[in-house]
Amino acid sequence: MDQSKLLVITTTILICWVIFIIAWERISPYRKGLPFFREGFWVDLVWYTIIQSYFLKILIFDYIIAPLQHHFDWSGFQFIKNWSITEQVLFFLVTHDLYIYLFHRLQHANKTLWRTHEAHHSGKEVDFLAGSRSHALEIIINQTIEFAPIVILGANPMVIPIKALLDAMFGMFIHANVNVKLGKLKYFLNSPELHLWHHANYREVFHANFSTKFSLWDHLFGTAYDPGHKPGDNRENWGLYYDYPKDYFLQHAFSVKRFDEQKLLRYRWFNWYYNLRPRMVNWLSRKWKIFRKFNPAIETVEYKPSDNLPPEPLELSPVQENYISYDK
Ligand SMILES: [Zn+2]
Ligand SMILES: [Zn+2]
């Protein structure tokens, strides 16, 4: 089979999978009442899923993996060359999944690495699309480590689109807002049952449920958290305990330097940029009825010196207090 035909097949499967998951979320939701156009939907779709993926794919394959492949002689390492495609896919599926488990665990344990992962946890409303929200550096590290060995070890070129399809399908599945009970299979395969807890704002899960495809790793290394009930439907039950920017670029800037958006609003350039999105949304809402239906008006925010007073101390739950060590 040639590459273009395979691409058509994988794209078709992916589109069918998206439709299936969206329907499943409507029919049997894990959290009831979660809107389809939930908070951060457009940021996740436009910035993370489309724009970031497009540019990072070029960077990773053309500017990292290709030079690596051409500047070194890897012929001595190509022990998988004669394996069948199924064996190659399984090999990379398992080895990469174990790597992801370990690196993910490290990201939760190390303050610097946490800065490359907190974006993924910032959503308060988790659904099939939420998994796409990953810091650019996190994607560069993880996908280079994922795809470089496939190229370097001389795997069949079809392994890349097949592996990418499985990644996308699994990523959507474990974040999907669906009620799913895998029975005994849950000790082997990951599902929303375990991964949605990983996105909850609770002490118990900050260092638990790191698996992506095989929950086996969490069970094997003693990091599974499966209390048999749900985290709750309130905003504070989900995401991060601290304020986090909603804008793609500010999210990346926040990983480098912590800032208070409200204080920055006194700068005209920041105010202009910060209010650009609400102005655009409101303009589109005025123009098109259909847009207004799905996107409630957003208020622009202005800097008010009186707002600068320290806020009332937040009532932190014991759960959230635990996260204080991950400083603002
Ligand atoms: Zn995590
Ligand atoms: Zn996740």
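User: Which residues of α11 are exposed on the other side from the buried ones?

Analyst: A residue counts as buried if 20 or more other C-beta atoms lie within 10 Å of its own, and as exposed if 12 or fewer do, with C-beta atoms placed from the backbone. Helices are DSSP runs (H or I, at least four residues), numbered from the N terminus. Here F249 and V256 are the exposed ones. The buried residues of α11 (residues 248-256) are Y248, Q251, F254 and S255. They sit on the same side of α11 because they cover an arc of only 125° around the axis, taken from the directions from the helix axis to the C-beta atoms.

This is a predicted model: local features need pLDDT of at least 70, side-chain atom pairs count only at pLDDT 80 or more, and totals for chains, interfaces and linings use all residues. Residues are numbered from 1 along each chain as its sequence is written, with chains lettered from A and ligands numbered from 1 in the order written.

User: What covers the buried residues of α11?

Analyst: The cover includes α2 (41-71) and α5 (118-121).

User: And how do α2 and α6 pack?

Analyst: Two packed helices are described by the angle between their axes and the distance between the axes. For α2 and α6 (residues 136-152), the angle is about 45° and the axes are 9 Å apart. That makes α2 oblique to α6; under 35 degrees would be roughly parallel, over 145 roughly antiparallel, 65 to 115 roughly perpendicular, and the rest is oblique. Among the α2 residues that meet α6 are L56, I60 and I64.

Methods: Helices (H or I, at least four residues) and strands (E, at least two) are DSSP runs, numbered from the N terminus. Two residues are in contact if their C-beta atoms, placed from the backbone, lie within 7 Å. Axes are lines fitted to C-alpha atoms, for helices over the stretch in contact, and angles run from 0 to 180 degrees between N-to-C directions.
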